[in-house]
Amino acid sequence: MTTTAPVAPAARGTVAIRSENLCRHYRMGETLIRAVDGVSLQIHAGEFVALLGSSGSGKSSVLNLIAGLDRPTSGSVVVQDRDLAKLSREELAKYRLHVVGMVFQSFNLIPSMTLAENVELPLRFAEVDRSQRPNLAREALERVGLQARMNHRPSELSGGEQQRAALARALINRPQLLLADEPTGNLDSHTGTEIMDMVRQFNRELGMTVVMVTHERALAERYAQRMIFLADGKLLDDQPSVPSPAIPGGQS
Amino acid sequence: MKLPDLTELALRNLRESVLRNSLTTIGISVGVASLVAMLSLGTGLQQLFSQRLAKSGLFDTVFVSSRRDLRGMGREEERKGPTPGESRVLDEAARQEIERLPHVTEAYPDIRFVTELRYDDKPHLTMISALPMSAKSNDAFDGMQGGFFSSDTGAEVILQKSFAEELLGKTPPLGAADPSVAELAKPLLGKELTMRYAQRQSAPASPSPQSSQSSLRAAEATPADDRVAAAAYSVVSREQKLTIVGISDLDPESMRGPMRARVFLPLRLAESLHVMQPTDLREISRAAADQPVYSSVSVRVKNPAEVQVVEDAIKKMGFNTFSILDASNSLRQVFRVLFAFLGIFGSLALTVASIGIVNTLVMAILERRREIGIMKAIGASDADVKKLFFAEAGAMGILGGIVGVVLGWAIGQIINFGTNLWLKSQSLPTEHFWAVPLWLVVFSIVFSLLVSLVSGLYPAARAARLDPVQALRYE
């Protein structure tokens, strides 16, 4: 492991995410699966980090642990001074609501709701005043250029539009952290670029810390400031993406 | 999440699988409808009975008799208190005293005597009873032809049906159909009867020695020595012409108290006649001639609930009392049991319906697994998810409750209508034995809501426990 010293080149500020010997094991029948097996890393506020690895490398599991969707078997994840392992289920839900915004490969919009309603949903959970919600939802949709489609259902939209709506939803509660799990996985390269431009824009203009899981090295090199390689639940390499040296072990 | 949001989302989710949720809701409505039908039948029957009983005048009446009336000697309460010989006389003063008691509307003497009525120059011997004007509302006169007495002192008379038959010489042979009251009334209404009766008159100046001796013996116990001299009277035969104003179809055998007679007179008229009564002989030793002694007094109480209080007060005055309060208490008990039974049977259907709710919601969890995962991922807490499923269960409960109440009411109306149709075909009077009071409506909807929420407990807890990572994993 190479992470004893802070290596982040664009350390704009304090440490936003720090994991210490993070493990997530689970049983599947007789076998013990070590999805995450002793990962220690630090991500600074405002960084754009890509988690790279093949499927089964544990990159999504790490993201879920950072997102507070899952709890570590051992070790710790501390996000903005919150030790997630020590939070109650209730506190964890609050954390997901206010600190984290998430986008997924399959967009995960609720099909029975219009875009506006989907984007508004986190505001309902946050118990934001009813009168303010429509404006906030419209603003968020304007930011991703979907104000014209706010009363459409997700099934009436293209994949790129759906992912933009998902981004709007992720931003609605003004989180400091944007976690993206293969955000371009279901999109063609053109719309994928569109989405990634938008994510970079949020990173630069809103100062959001971005952690993106991907298996596309090219995408990571183009957008991320740092690339963290995982394999078999272990941290393989951690490098800035700007010099882009040819590392053969990145993708299998 | 706040309630308006919960409601909104719950209704939206219910609309999403409209068929399944409607079927479940219909299940609840049928359950609630059966509950409403059962309980409204119970309520209706109870109302019908208590109306009937209230109208019969039995449940708000206390019958008062003197302890000197020895007929009830065996009863335990009468062994306490003064001996019959020492107890009070039920005279006009006592009647007025009773009438002044709180909660009492009126106290009137039961004047009853057997005498002869002449109609068409033929004598007819019968039992005559005097009625106060308040008896007009008694259900005994529901099926009456003609009208009630025009005044309390009018020289008028109401005949019982069987006596009317007798007057007309139309008494049907046993088992044959009775002629209708209207048929009997036609030739009789407005006609005149002559009543021959024995009138009691004040005694001449010197009482017979025999009677004064017997009064002296009784007077030893009482200080009212001066009344002794007056306690003598003579009996004179008199006649009174009476106009027939009404024919009642009530069956004297089924009635109690003053209703148990075949001919009725207005009370004040009967009093003014000073008819010699059987008790006069018994009380001859005590009463003054001009102050009649009553065999019994009927006391009407404002509200059946106050009968006990009034009864106790009268007992304290030293009289015997009787009311049908005990009977009404056990009747109430019967209705409570009936209610419980009907309620249990009605709830059974609702229990089945509640299993339907559990089923529907568990299915919804499986179907909306991903949606629950999404909601959790974007910040919904366990409590939010739980509340959402609760709200869905509750919404189905309230909707089912409302539809069920309407349905139950409709079923009741239809059955009531059908039964009345049948009653009519049997030429019986129609009845309203189906009642859906407001409390039943509110109770049914609240009960349906509670049952639904209880049904939602397990699915809601299960949905809340769902692991978001697992829920989102499946594509």
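Visitor: How many residues of chain A are in contact with chain B, and how many on the other side?
Guide: In this predicted model, 20 residues of chain A are in contact with 18 residues of chain B.

Visitor: Which helices of chain A supply at least two residues each to that side?
Guide: Helix 2 (89-98) and helix 3 (115-125) of chain A do. Helix 2 of chain A gives the largest share, 5 residues.

Visitor: And by class, what does the chain A side have?
Guide: It has 9 nonpolar, 4 polar and 7 charged residues.

Visitor: Switching to cores. How many residues has the largest nonpolar one?
Guide: It has 126 residues. Leu141(A) is one of those with the most contacts inside it, and so is Leu51(A).

Visitor: What does Leu141(A) touch?
Guide: Leaving out residues up to four places away in sequence, its contacts include Leu115(A), Val119(A), Met150(A) and Ala168(A). There is also a second, separate core of 52 residues, with Phe264(B) and Val293(B) among them.

Visitor: Now the 4-stranded open sheet in chain B. What's the strand order?
Guide: 2-10-1-11, with antiparallel pairing.

Visitor: Why do strand 2 and strand 11 of chain B each have one side without a neighbour?
Guide: Both stand at the edges of the sheet with a single partner strand each, so one side of each stays free of a neighbour there.

Visitor: How many bridges join strand 2 and strand 10 of chain B?
Guide: They pair over 5 bridges, in the antiparallel sense. Ala107(B) stands opposite Val299(B) in strand 10 of chain B.

Visitor: Which helix packs on that sheet?
Guide: Helix 4 (residues 92-99) of chain B, touching strand 1, strand 2 and strand 10 of chain B. Its direction makes about 165 degrees with that of strand 2 of chain B.

How values were computed:
Residues are numbered from 1 along each chain as its sequence is written. Chains are lettered from A and ligands numbered from 1 in the order in which they are written. This is a predicted model: local features need pLDDT of at least 70, side-chain atom pairs count only at pLDDT 80 or more; totals for chains, interfaces and linings use all residues. Two residues are in contact if their C-beta atoms, placed from the backbone, lie within 7 Å. Ala, Val, Leu, Ile, Met, Phe, Trp, Tyr, Cys and Pro count as nonpolar, Asp, Glu, Lys and Arg as charged, and the others, Gly among them, as polar. A nonpolar core is a set of buried Ala, Val, Leu, Ile, Met, Phe, Trp, Tyr and Cys residues joined through C-beta atoms within 7 Å. A residue is buried if 20 or more other C-beta atoms lie within 10 Å of its own, exposed if 12 or fewer, and partly exposed in between; C-beta atoms are placed from the backbone. Two strands pair if DSSP finds at least two bridges between them. Axes are lines fitted to C-alpha atoms, for helices over the stretch in contact, and angles run from 0 to 180 degrees between N-to-C directions.
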